[in-house]
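User: I'm new to this one and would like to know where the labels come from. Can you walk me through it?

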Amino acid sequence: LLKKNNRFNETVTDYSTTTPETGYASLEPNHSHFFLIDDGTTDNSGVEIKFRGELQYLITKMYEKDGVPLPMICIMLEGGSQSIEMALNSLRMGQPLVVIKGSGRAADIVCAACEMTTFKEEFIDGEFMMRGVLSDEGKRTIQEMLEVCFSKFRESAMVEKLLHNILEIASLKKQVTIYKIDGAEPLDFAILSSLMTSIGESAARMRQLKLA
């Protein structure tokens with residue numbers, strides 16, 4: 001994509017981190033490079049999420065082998081409102097999601113929603129499919145957790161949007177792996193298990209991986 005587009009010119013500049021103004025954030029000092037997305041708006045965070053997902057998808061297709069694209073996974077550790085949107089965007093693109101339970105905030109709310117979700121057979125697009133469904137009581141619990149975690153959004157429509165996104169994530173819980181931060185299983189195994197499940201590896205191959 002980048003090679004074919006002559007509009008992209010490499011720009012390298014030094015930078016230093018400072019205390020940001022209210023409502024702004026500094027560049028992460030531990031990162032070496034940044035890919036900055038400009039959609040023409042100002043003071044509007046999160047506009048890069050859809051673009052980033054599409055770019056990641058193109059990269060995975062570039063390295064496709066035997067019909068299997070380059071494995072891609074989303075890991076959710078703590079996080080805020082944008083983390084919920086990024087997690088949902090990854091799931092919509094068929095990428096598995098690993099959520100770190102016990103890391104706090106958005107990750108713990110997503111874990112709670114997935115754990116309370118049960119599967120129900122529904123007739124969708126002419127065929128019966130199993131879809132995750134959260135009870136009305138479960139929805140109220142998740143909404144209360146959102147209102148506590150994101151109290152600054154309490155009086156806005158943002159909580160309703162976050163609830164809608166989390167319910168969709170929970171409905172796709174077959175693509176979600178919950179990793180307990182204090183569990184005995186190593187995180188790298190949870191990641192590999194999630195990846196291999198997503199590309200349809202057999203149960204035998206999973207047992208071989210566990211024994212390796």
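Analyst: Happy to. Keep in mind that this is a predicted model. Let's start with a salt bridge, the one between Lys50 and Glu54.

User: What makes Lys50 and Glu54 a salt bridge?

Analyst: Their closest N and O atoms are 2.5 Å apart. The cut-off for a Lys or Arg side-chain nitrogen and an Asp or Glu carboxyl oxygen is within 4 Å, so the pair qualifies. Both residues belong to helix 1 (residues 49-62), and because they are four residues apart, about one helical turn separates them.

User: Why is Lys50 called exposed, and what is Glu54 called?

Analyst: Lys50 has a relative accessible area of 54%. Exposed means over 50%, so Lys50 gets that label. Glu54 comes in at 37%. Since that value falls between the 20% and 50% limits, Glu54 is partly exposed.

User: How many salt bridges does the structure hold?

Analyst: Four. Another one of them joins Glu168 and Arg92, with the closest N and O atoms 2.9 Å apart. This pair links distant parts of the chain: Glu168 sits in helix 5 (residues 158-171) and Arg92 in helix 2 (residues 81-92), 76 residues apart. Arg92 has 51% relative accessibility, so it passes the 50% mark and counts as exposed.

User: What does the salt bridge of Glu115 and Lys101 tie together?

Analyst: The two side chains meet at 2.8 Å, N to O. Glu115 is in helix 3 (residues 105-116) and Lys101 in strand 2 (residues 97-101), so the bridge ties together parts that are 14 residues apart in sequence. Glu115 has a relative accessible area of 43%, which makes it partly exposed. Lys101 is partly exposed too, at 27%.

User: How do you know that the charged end of Lys174 sits over the ring of Phe119?

Analyst: The charged end of Lys174 is 5.2 Å from the centre of the Phe119 ring. The distance limit is within 6 Å, so that part of the test is met. The charge must also lie within 35 degrees of the ring normal, and the pair is listed as sitting over the ring.

User: How many aromatic pairs are there?

Analyst: Zero. Therefore no two rings of Phe, Tyr or Trp have centres within the 6.5 Å limit for a pair.

User: Why is helix 3 called oblique to helix 5?

Analyst: The two helices pack at an angle of about 50°, with their axes 9 Å apart. Roughly parallel needs an angle under 35 degrees and roughly perpendicular starts at 65, so helix 3 is oblique to helix 5. As for handedness, helix 3 passes helix 5 in a right-handed crossing.

User: What makes phi of Glu78 and phi of Arg105 worth a mention?

Analyst: Phi of Glu78 is near 55°, a positive value in a residue other than glycine. Glu78 lies in the loop between strand 1 (74-76) and helix 2, and is partly exposed at 30% relative accessibility. Phi of Arg105 is also positive, near 45°. Arg105 has its place in helix 3 and is partly exposed, at 38%.

User: How many helices and strands does the chain have, and what share of it is buried?

Analyst: There are seven helices and five strands, following the pattern α-β-α-β-α-β-β-α-α-β-α-α along the sequence. Of the 212 residues, 29% count as buried, because their relative accessible area is under 20%.

How values were computed: Residues numbered from 1 in each chain as written. Predicted model: local features only at pLDDT ≥ 70, side-chain atom pairs only at ≥ 80, totals over all residues. Heavy atoms only, no water. Phe/Tyr/Trp six-rings, centres within 6.5 Å; stacked < 30°, edge-to-face > 60°. Buried < 20%, exposed > 50% of the residue type's maximum accessible area, 1.4 Å probe, protein only. Axes fitted to C-alpha atoms, helices over the stretch in contact; angles between N-to-C directions. Parallel < 35°, antiparallel > 145°, perpendicular 65-115°, else oblique. Left-handed = near helix turned anticlockwise from the far one by under 90°.
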